[in-house]
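Here is a friendly walk through one model, from its core out to its surface. Keep the viewer open as you read.

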Amino acid sequence: MIDPLIGRKLPRLLREAGLIDVRVNPIIHVYPPGHGRRSLLLDFSENLSERLVAQKLIGERELAGLKADLSRHLADPDTLVVSHLYFEAWGRKPS
């Protein structure tokens, strides 16, 4: 099972493992226009489209409209697109 909150727990886990001077650095990336990862959400929706329609979770026309709206939104240079939040954590063994 994947724990989506593991990054937030990592400093505590390092301390519980006996490390001291534990530090954490949160990292987030900004994807400007033209960046390959800017369209990840749209790509994901493309991959799921058939299944969503087949399972009658959404109609084909409604889904196409939403994807078109998303595409326009992502193409807008004023839209800020960011990555997931990543955590870098470290500590040291006590002497």
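A residue counts as buried when its relative accessible area is under 20%, as exposed when that value is over 50%, and as partly exposed in between. With a relative accessible area of 19%, Leu-70 therefore falls on the buried side of that cut-off. Please bear in mind that this is a predicted model.

## The nonpolar core

Leu-70 is a good place to start, and you will find it in helix α3. It belongs to the largest nonpolar core, a set of five residues that also takes in Tyr-31, Leu-42, Leu-74 and Val-81. In soluble globular proteins, nonpolar side chains tend to be buried together. Setting aside residues up to four places away in sequence, Leu-70 touches Leu-41 and Leu-42.

Leu-74 is another member of this core. With the same sequence neighbours left out, Leu-74 touches Leu-42 and Val-81, and also Arg-38 and Ser-39. If you would like a long distance to try in your viewer, take Leu-70 and Ser-95: they are 25 residues apart along the chain, and their C-alpha atoms are separated by 54 Å.

## Around Ser-83

Which loop holds Ser-83? It is the one between α3 and β2, where β2 covers residues 86-92. Ser-83 counts as buried because its relative accessibility is 10%, under the 20% limit. A polar atom of the Ser-83 side chain lies 2.8 Å from the backbone nitrogen of His-29.

Leaving out residues up to four places away in sequence, Ser-83 touches Ile-28, His-29 and Tyr-31. Of these, Tyr-31 is also part of the largest nonpolar core. Leu-40, in helix α2, offers another pair to inspect: the C-alpha atoms of Leu-40 and Ser-83 are separated by 9.5 Å, although the two residues are 43 apart along the chain. Leu-40 itself is partly exposed, at 48% relative accessible area.

## A nonpolar patch on the surface

Which residues make the nonpolar surface patch of about 460 Å²? They are Ile-28, Val-30, Leu-80, Val-82 and Leu-85. Ile-28 sits in the loop that runs between β1 (20-27) and α2 (40-54). At 47% relative accessibility, Ile-28 counts as partly exposed. Ile-28 also connects this patch to the previous section, as it is one of the residues touched by Ser-83.

## Salt bridges

How many salt bridges does the model have? The count comes to five. Side chains of opposite charge can pair when their charged atoms come close. One of the bridges joins Asp-3 and Lys-9, with 2.7 Å between the closest N and O atoms. Both partners are partly exposed: Asp-3 has a relative accessible area of 28%, and Lys-9 has 30%.

Another bridge is formed by Glu-46 and Lys-67, whose closest N and O atoms are 3.3 Å apart. This pair links distant parts of the chain, with Glu-46 in helix α2 and Lys-67 in helix α3 (residues 60-75), 21 residues apart. Glu-46 is partly exposed at 44%, whereas Lys-67 is buried at 16%. Asp-69 and Arg-72 also meet in a salt bridge, at 2.3 Å from N to O. Here both residues lie in helix α3, three residues apart, which is about one turn of the helix. Asp-69 is partly exposed, with a relative accessible area of 40%, while Arg-72 is exposed, at 52%.

## Positive phi angles

Two residues are worth a look for their backbone angles. Asp-21, placed in strand β1, has a positive phi of about 50 degrees although it is not a glycine. Its relative accessible area of 42% makes Asp-21 partly exposed.

Lys-56 is likewise a residue other than glycine with a positive phi, near 60 degrees. Lys-56 is found in the loop between α2 and α3. Is Lys-56 buried or exposed? It is exposed, because its relative accessible area of 73% is over the 50% limit.

How values were computed:
Residues are numbered from 1 along each chain as its sequence is written. This is a predicted model: local features need pLDDT of at least 70, side-chain atom pairs count only at pLDDT 80 or more; totals for chains, interfaces and linings use all residues. Side-chain values use heavy atoms; hydrogens and water are left out. Patches are made of residues with over 30% relative accessible area and no salt bridge: like charges are joined within 9 Å, nonpolar side chains (Val, Leu, Ile, Met, Phe, Trp, Tyr) within 5 Å. Accessible areas come from the Shrake-Rupley method with a 1.4 Å probe; for residues, only the protein chains shown count as cover. A salt bridge is a side-chain nitrogen of Lys or Arg within 4 Å of a carboxyl oxygen of Asp or Glu. Helices (H or I, at least four residues) and strands (E, at least two) are DSSP runs, numbered from the N terminus. Buried means under 20% relative accessible area, exposed over 50%, partly exposed in between (1.4 Å probe, protein chains only). A nonpolar core is a set of buried Ala, Val, Leu, Ile, Met, Phe, Trp, Tyr and Cys residues joined through side-chain atoms within 4.5 Å. Contact means heavy atoms within 4.5 Å. A polar contact is a pair of N or O atoms within 3.5 Å; within protein, one must be able to donate a hydrogen and the other to accept it, and residues adjacent in sequence count only if both atoms are side-chain atoms.
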